[in-house]
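Here is a quick walk through one model, starting with its charged pairs and ending with what sits inside. Keep the viewer open and click along.

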Amino acid sequence: MDFLSREISDYCEQHTSPEDELLNNLRRETHLHVMSPRMISGHLQGRILSAISQLLKPQSILEIGTYTGYSAICLSEGLAENGKLITIDYNPEFKPIHQKYLLQSARANQIEIIYDKATSVIPLLTGPFDLVFIDADKENYAVYFDLVIDKMRSGGVILADNVLWSGKVVEPIKPNDKSTAALAAFNEKIMQDKRVSKVLLPIRDGIFFIRKL
């Protein structure tokens with residue numbers, strides 16, 4: 001997933017604002033007790049998400065894929081005073097860890113967690129959204145984009161995580177590798193969409209920065 005050497009990654013983190021105690025504890029618990037802990041955003045990516053959110057000062061954030069809540073906490077740090085973050089996850093097994101960390105964070109009163117399929121929830125949301133973070137099942141990335149793009153304000157930003165998929169998107173795609181095929185198709189779809197400007201950032205596993213014109 002990481003394309004930089006461990007030494008360079010550590011150096012970047014050492015020269016980045018630290019995560020607070022809540023995020024540090026959440027990251028440690030995720031790695032100790034949750035399956036697939038590499039899915040967590042972590043320190044460096046978390047600070048990037050926070051910085052983007054703080055620059056935008058969003059009134060409305062939508063997160064598709066909550067996992068243990070680390071990225072939601074980071075994104076919430078930039079919310080406007082009366083702003084709101086909605087985060088959607090299909091797995092209710094994370095409820096205890098959400099209650100322990102996400103719902104104890106500084107912006108907890110501005111966060112709503114919905115446990116359901118994002119494809120069922122998003123059509124019911126009105127928006128407009130200032131910031132959307134897509135970090136769920138890779139085969140539905142294009143679907144999620146199509147569901148949210150018309151609910152974005154002009155100048156709003158969509159961030160799509162894992163779009164480099166450990167480098168597999170530039171390798172021959174195996175016939176049964178549906179996730180890689182879906183991500184490669186999603187990346188091409190974004191490149192052809194004239195409604196947005198875009199830059200693919202080689203941060204960790206790749207973040208697509210997509211801005212609605």
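Which residue forms a salt bridge with E29? It's K100, and the closest N and O atoms of the two are 2.9 Å apart. This pair links distant parts of the chain, with E29 in helix α2 (residues 21-33) and K100 in helix α5 (residues 95-100), 71 residues apart. K100 counts as partly exposed, at 47% relative accessibility. Bear in mind throughout that this is a predicted model.

**Salt bridges**

The count of salt bridges comes to 10. Three of them are set out here.

| Pair | N to O distance | Where the residues lie |
|---|---|---|
| E29 and K100 | 2.9 Å | helix α2 and helix α5 |
| R6 and D10 | 2.9 Å | both in helix α1 |
| R153 and D130 | 2.4 Å | strand β5 and strand β4 |

Take R6 and D10 next. Both belong to helix α1 (residues 6-14), and they are four residues apart, about one turn of the helix. R6 has 47% relative accessibility, so it counts as partly exposed. D10 falls into the partly exposed class too, at 30%.

The R153 and D130 pair is a strand-to-strand case. R153 is in strand β5 (residues 152-161) and D130 is in strand β4 (residues 129-134), so their salt bridge ties together parts that are 23 residues apart in sequence. Is each partner buried or exposed, or in between? R153 is partly exposed, with a relative accessible area of 30%, whereas D130 counts as buried because its relative accessibility is 9%, and the cut-off for buried is under 20%.

There's also a network to look up: D150, D193 and R195 are joined into one by salt bridges that share partners.

**Two buried residues to click on**

H43 sits in helix α3 (residues 42-56). It is classed as buried, with 11% relative accessibility. Leaving aside residues up to four places away in sequence, H43 touches E13, T16, S17, P18, E19, R27 and Y70.

Now try E63, in strand β1 (residues 60-64). Its relative accessible area is 0%, so E63 is buried. What does E63 touch, beyond residues up to four places away in sequence? The list is S71, A72, L75, I86, T87, I88 and F133. F133 is 70 residues away from E63 in sequence, yet their C-alpha atoms are 4.7 Å apart in space.

**A helix pair**

Helix α7 (residues 141-148) and helix α8 (residues 178-192) have axes that come within 9 Å and cross at roughly 35°. On the α7 side the contact uses Y141, A142, F145 and D146, and these meet L183, F186, K189 and I190 in α8. By class, that contact has six nonpolar residues, two charged ones and no polar ones.

**The cavity**

How many cavities of 30 Å³ or more does a search of the whole structure find? Just one. The largest cavity has a volume of about 60 Å³. Its lining is made up of M39, I40, S41, G65, T66, Y67, T68, G69, Y70, S71 and D135. Sorted by class, the lining holds four nonpolar, six polar and one charged residue.

Two names in that lining came up earlier: Y70 is among the residues that H43 touches, and S71 is among those that E63 touches.

Methods. Residues numbered from 1 in each chain as written. Predicted model: local features only at pLDDT ≥ 70, side-chain atom pairs only at ≥ 80, totals over all residues. Heavy atoms only, no water. 1 Å grid on protein atoms, 1.4 Å probe; cavity = no way out; pocket = protein on both sides within 12 Å on 5 of 7 lines; lining within 4 Å. Points joined across faces, edges and corners; volume = space filled by probe spheres on them. Nonpolar A, V, L, I, M, F, W, Y, C, P; charged D, E, K, R; others polar. Axes fitted to C-alpha atoms, helices over the stretch in contact; angles between N-to-C directions. Helix = DSSP H or I, 4+ residues; strand = E, 2+ residues; numbered from the N terminus. Contact = heavy atoms within 4.5 Å. Salt bridge = Lys/Arg side-chain N within 4 Å of Asp/Glu carboxyl O. Buried < 20%, exposed > 50% of the residue type's maximum accessible area, 1.4 Å probe, protein only.
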